[in-house]
Amino acid sequence: MRWLWYFIIYSFAGFLLEVAFARAIRHPKRDRKCLLLLPLCPVYGLGACLIVWLAPMARSPLWVALAGGLAATGAELLMGAFYRFALGVEFWNYSGFPGSLDGLVCPVFSVCWTVLALALAYLVHPLVRSLVGLIPAWLGPPALIVLGADVLVSCAALRLTGTTEVLKWYAPQ
């Protein structure tokens with residue numbers, strides 16, 4: 001169950017990072033969650049879990065950075081393609097950036113993920129690993145059920161409407 005908690009924690013951290021980034025650049029789309037109810041960005045959870053899984057195999061910080069940057073970019077590519085082709089929506093589009101791959105990934109953000117991989121592996125994850133060890137085992141199954149239900153309902157809503165605006169159930173109409 002620790003990987004479930006890693007996924008949830010890093011998806012939430014990604015949501016917070018996205019909101020801070022949107023505010024910093026004064027982007028009009030300030031809400032950055034990717035699920036209907038939970039404030040999570042699963043692409044960050046997937047990318048971080050890949051980095052955490054790969055980091056112990058790397059022999060140096062340089063390899064952690066390179067493998068982590070590639071893993072996070074791969075997660076972004078896979079999730080972006082899933083959102084676009086399976087659900088018919090886009091949460092991001094890097095078409096305006098040089099070197100963009102169909103708007104799904106770009107070198108500028110791959111460099112960001114590379115730097116973040118180092119911070120994750122050496123600064124953040126040791127703390128998260130300790131915190132996850134404190135979570136009672138009985139909380140795992142209910143968390144999995146809530147997350148799974150939210151993912152299924154969110155995917156269905158996104159597919160049916162073709163817009164990420166459907167996730168803003170709390171917004172004034």
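Which residue's side chain meets that of R84 in a salt bridge at 2.8 Å, N to O? In this predicted model, the partner is E90, and the legends below start from that contact.

**Figure 1. Close-up of the salt bridge between R84 and E90 in the predicted model.** The side chains of these two residues meet with a distance of 2.8 Å from N to O. R84 is buried, because its relative accessible area of 17% falls under the 20% cut-off. E90, with a relative accessibility of 37%, counts as partly exposed, since this value lies between the 20% and 50% limits.

**Figure 2. Close-up of the salt bridge between R84 and D102.** The side chain of R84 also meets that of D102 in a salt bridge, for which the N to O distance is given as 2.8 Å. This pair links distant parts of the chain, with R84 located in helix 3 (residues 61-87) and D102 in the loop between helix 3 and helix 4 (107-132), so that 18 residues separate them in the numbering. Taken with the contact shown in the preceding view, R84, E90 and D102 are linked in a network of salt bridges.

**Figure 3. Close-up of the second largest cavity and its lining.** By the rule applied here, the structure has two cavities of 30 Å³ or more, and the second largest of them holds about 30 Å³ of space. Its lining is made by G80, Y83, R84, V89, E90, F91, W92 and L104, so that R84 and E90, the salt-bridged pair of the opening view, are among the lining residues. By residue class, the lining divides into five nonpolar, one polar and two charged residues, and the two charged ones are R84 and E90, because Arg and Glu count as charged.

**Figure 4. Close-up of the salt bridge between E165 and K168.** The structure holds three salt bridges, and in the one shown here the closest N and O atoms of E165 and K168 are 3.8 Å apart, a distance that qualifies because the cut-off is 4 Å. E165 counts as partly exposed at 44% relative accessibility, and K168, with a relative accessible area of 22%, is likewise partly exposed.

**Figure 5. Close-up of a nonpolar surface patch formed by W3, W53 and M57.** Together these three residues make a patch of about 350 Å². W53, which is found in helix 2 (residues 42-54), is exposed, because its relative accessible area of 51% is over the 50% limit.

Conventions
Residues numbered from 1 in each chain as written. Predicted model: local features only at pLDDT ≥ 70, side-chain atom pairs only at ≥ 80, totals over all residues. Heavy atoms only, no water. 1 Å grid on protein atoms, 1.4 Å probe; cavity = no way out; pocket = protein on both sides within 12 Å on 5 of 7 lines; lining within 4 Å. Points joined across faces, edges and corners; volume = space filled by probe spheres on them. Patch = residues over 30% accessible without salt bridge, like charges linked within 9 Å, V, L, I, M, F, W, Y side chains within 5 Å. Areas by Shrake-Rupley, 256 points an atom, 1.4 Å probe, with all protein chains shown as cover. Helix = DSSP H or I, 4+ residues; strand = E, 2+ residues; numbered from the N terminus. Buried < 20%, exposed > 50% of the residue type's maximum accessible area, 1.4 Å probe, protein only.
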